[in-house]
Amino acid sequence: MSATISAGKWRSEVQKMADEARDGGDYLAAAELYEKVIALGGPSSISMAAGHMRKEAKDFVAAERHYQNVRETNPDDPEIYMQLGHFYKTVGRYGDAQHHYMRAMQNHYPNFDEVRHELRAIHESEELSREQERCDSLEDADFKGLVSERLFPRQLDQLQRDYHETFTISRLGNHRKTSSGKGRVIRGVDAVRGHVITSMPCDSIDIFLDDELIYSAPLQVVPLRWEKNRSNLRKYVFNAWIDFSDFPVGKHEIVLFANPLQGEPREGIEWKRETILVAERLPEGFDEQSPALIPPLDPESPLTVVEQVNRLPSLVRKVTPGSFPGKLDTIAIIRPDQLGDMVITLPAVRRIRELAPKSRIVGLLSPANADLAATLGVFDDIVVIRFPDDKYQDRRVMDKRAQEVFAAQCKPYNFDLAIDFLYSEHANKLLPLTGAPVTMTVARSDQVEDLEVVFDARSPNGGLSLSPMAHTARARALSEALGLWLDNNARPLPRTKPNAEPLARYGLSENDRYVVLHTGSSFAQFLRWPHYPELTARLLKAGYKVVYMGSDEQQKARLPTEALEDGRIVYLDRKIPFDDLDALLSCASLMIGNDSGPKHWASLRGTRVVSLHPGRDDLREWGQVFGGVVLARRVPCAGCGIRYDETECGQDFACIRQITIEEVLREALSP
């Protein structure tokens, strides 16, 4: 019979002794025993207990270290911020206490009244005032005028607000110019998002297009964040996914109506009227990698739009150095000005020719520079346009007929990209007339409408009209922006340090086939994919070991106990040394994770990465750049930008939660 005891059993015995020391008031002994549990691989929650014991034993330095370790491991957990608030209040650091109580509230500490009481008590305390006075007295006069108050953390009374009744639309098309006019443009399947704050109880929202009911669904009641005073107001959120494909192209009136259970609805509060422009679908093949682009749905299907969208396969982006949205067969370059302007733009135009050697480049030029341009060997075709400076109006002008002629001249070319090199607040108004789906300009960003890329490199020194950067450099910078759009030049940087020792600390070797799962997120829990435990079981069956980077004991409880004990699962719920994590990521056969720092890190080291990207931003912008695969859902509301307030979604974060285990496994196990 073996007399050995398993590591898990020994850890449990030590923790039992620590609990007994704690209950007996021997805080120092309890702290040391809890630290022994941590050394034996205990969960990060033990660090919280060790911190409490060190605090009770007046060993504040060690206590703070434990609390900060927990915070680094669980940055979204409101409990650790509440405990840090208590700790800093105990040691007399009232500004830090206020800051951490604030973080607890921001992270939705479950007992709202308790954290609000602590915040108000700190905010009104004489101790905080005296501490702030001491800090103010230490200000360095040499820097005082340079300090920006806009960066100061806001106090409780600055964060809290009195709400008012309102109907807010947060998404209704994109502002664009079309042949039907300028306004909120909607194409195909799109999202209409927003919220209603009202004192009248409501139960559903109806949406009408030209008096036709096109959508009806229940409203979601959500909390009013940072409400200063309790009120009878309620907030109702909606996120309507609607297929506009069959509606005629052109201008329409849309009415959004939150149905009150009693009382007469009020315009601007329970209902709102807007004008939209329904436009044609984008050209086939354009922007296919956009998560907001929904392919045509089946109008005869008995399924709702939401059900059809959620049944679509996830978008799979094989990471490449380029992310330009579409083809680049024909490029328009706009330079309808003087001879010297053409000359100083030549380096930029030559660079575009290098970047797109097979593209047809068409110069939209003035009579003053067209003849010279024809000798430069960069234009395949030249179209002469008249866009003169008017000395009486102090700007360039082109009447309605001339603009229509310009558009007609451009139409046969079917431009994929149009670039405006004319540094004028008016020149970029020609870009929509080219018909190009992608547009770029060097004009000032505050004078540009609805363009893809803007570059402005002027200096305010000596007046807004002055700049230390040559126009040639500004123009060239725009061409380099296109070059980086086509190829961002991202190349992996492999690790060069030895790996054997750091891997051995986790029971691994360089010959092991293991997958790192990073289940956390630097933003919020609602942006995390929820199926990592089930994925772990499938990876174990495929013969991999799993390094599971978890955030709490609940995740660990969902993992196979036998695999945890025999080392096939290495569970990490605490911060580990930089070099250890670098080795773990660098030597992994594969890394799977949310949109977070470690997925970028692993990609940098050349490890194959499968990342799971939420729809809050574009996977082409924030996916890893050194290789691997990015998985995302196609959802009409992609680009919502939700970061902290999960109440704003209205579709249960389908953009991340609807990615299936089978889709992840298919990419993970593909050769």
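**Two helices and a sheet**

Student: How do α17 and α24 pack, angle-wise and distance-wise?

Tutor: In this predicted model, helix α17 (residues 532-541) packs with helix α24 (residues 661-669) at an angle of about 40°, and their axes are 11 Å apart. That angle makes α17 oblique to α24.

Student: Why those two numbers?

Tutor: Because two packed helices are described by the angle between their axes and the distance between the axes.

Student: OK, and is the crossing of α17 and α24 left-handed or right-handed?

Tutor: Right-handed, as α17 passes α24.

Student: Which residues meet there?

Tutor: On the α17 side you have E534, L535, R538 and L539. They meet I661, E662, V664, L665 and L669 in α24. Sorted by character, the contact residues come out as six nonpolar and three charged, with no polar ones.

Student: Switching to the sheet: what's the strand order?

Tutor: β1-β4-β8-β7, in an open sheet of four strands with antiparallel pairing. The edges are β1 (166-172) and β7 (220-222), each of which pairs on one side only.

Student: What does the twist average?

Tutor: From one strand to the next, the twist averages 25°.

Student: How many bridges join β7 to β8?

Tutor: Three, and β7 and β8 (residues 234-243) run antiparallel. If you want a spot to look at, find V221: opposite this residue stands Y236 in β8.

Student: And what do strands of a sheet pair through, in general?

Tutor: Backbone hydrogen bonds, with the strands either parallel or antiparallel.

Conventions: Residues numbered from 1 in each chain as written. Predicted model: local features only at pLDDT ≥ 70, side-chain atom pairs only at ≥ 80, totals over all residues. Heavy atoms only, no water. Axes fitted to C-alpha atoms, helices over the stretch in contact; angles between N-to-C directions. Parallel < 35°, antiparallel > 145°, perpendicular 65-115°, else oblique. Left-handed = near helix turned anticlockwise from the far one by under 90°. Contact = heavy atoms within 4.5 Å. Nonpolar A, V, L, I, M, F, W, Y, C, P; charged D, E, K, R; others polar. Pairing = 2+ DSSP bridges.
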